[in-house]
Amino acid sequence: MTALDDLLKKNQAWADGIKKEDPDFFHRLSNQQAPEYLWIGCADSRVPANQIVDLMPGELFVHRNVANVVVHTDFNCLSVLQFAIEVLKVKHILVVGHYNCGGVRAALLDQGFGLLSNWLRHVQDVRDKHQHVLDQLPSEQDRVDRLCELNVVEQVGHVCQNSIVQEAWKREQRLTVHGFIYDVADGLLRDLGLHISSDAEREAIKEQSVEELVIRPVRSGRHAGQ
């Protein structure tokens, strides 16, 4: 009897349930994966990508890290992007942040430690760029959640600037980069108005999204874990 027997039992029950509904499901899944979507999201345990959008295994390619950051020197993320675009031929890249993100809060308040501080420097760059927007907000929670939104905007921009995405657009591969934010308190994704299908659209759509965020009320006071 091990400490993880409960997980193994849950796995067995899950697999049995899937096979009961669709006896050939795992056979088909083992032969290929053909997702249309790449999800780039936060590693937060409350934000399970497949469950949020109700997709089965094989329908969503996923990359997650602290605060859903896309860095041009992160070979892990770049490898996922390249495989998703050039091998899987995904049509949509979804950059998904979430409200009340612990990583974003730590970046805002300079509360990182160790290696995490270096990683969160990327979010602090977003904070510093939009400090004038954050300073207008009345509460810390409002600033955290606004920074969560602004971080999605900037990470969408980083995806679009990446050479892998740029090359895909040059060869006229069908590919759109989107920005969404998830609310743990109600389980809903919210569209941040970022849907970019070419380099020519990138800056105008980013600027419009930021302008709309500035005038939109922040969703504070309704978040899980406060």
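In this predicted model, L81 is in contact with L38, I40, I93, V159, N162 and I164, its neighbours within four places in sequence left aside. L81 belongs to the largest nonpolar core, which has 51 residues. Together with L38, I93 and V159, L81 ranks among the residues with the most contacts inside that core. Helix 8, spanning residues 140-161, gives the most to this core and supplies nine residues. Another core lies apart from it. That second core has 10 residues, including W39, A49, I52 and F180.

Helix 8 also packs against helix 10, which covers residues 199-215. The two axes are 11 Å apart and form an angle of about 180°. Helix 8 is therefore roughly antiparallel to helix 10. On the helix 8 side, the contact is made by R146, E149, L150, V153, E154, G157, C160 and Q161. Helix 10 meets them with R202, K206, S209, V210, L213 and V214. The residues of this contact comprise six nonpolar, three polar and five charged.

The structure holds zero disulfides. C101 is in no disulfide, and the nearest cysteine sulfur, that of C42, is 4.0 Å away. A disulfide requires the sulfur atoms to be within 2.5 Å. C101 is buried, with a relative accessible area of 2%. The sulfur of C148 has its closest cysteine sulfur in C101, at 5.2 Å, which is too far for a bond. C148 is likewise buried, with a relative accessible area of 2%.

Methods. Residues numbered from 1 in each chain as written. Predicted model: local features only at pLDDT ≥ 70, side-chain atom pairs only at ≥ 80, totals over all residues. Heavy atoms only, no water. Core = buried A, V, L, I, M, F, W, Y, C linked by side-chain atoms within 4.5 Å. Buried < 20%, exposed > 50% of the residue type's maximum accessible area, 1.4 Å probe, protein only. Helix = DSSP H or I, 4+ residues; strand = E, 2+ residues; numbered from the N terminus. Contact = heavy atoms within 4.5 Å. Axes fitted to C-alpha atoms, helices over the stretch in contact; angles between N-to-C directions. Parallel < 35°, antiparallel > 145°, perpendicular 65-115°, else oblique. Nonpolar A, V, L, I, M, F, W, Y, C, P; charged D, E, K, R; others polar.
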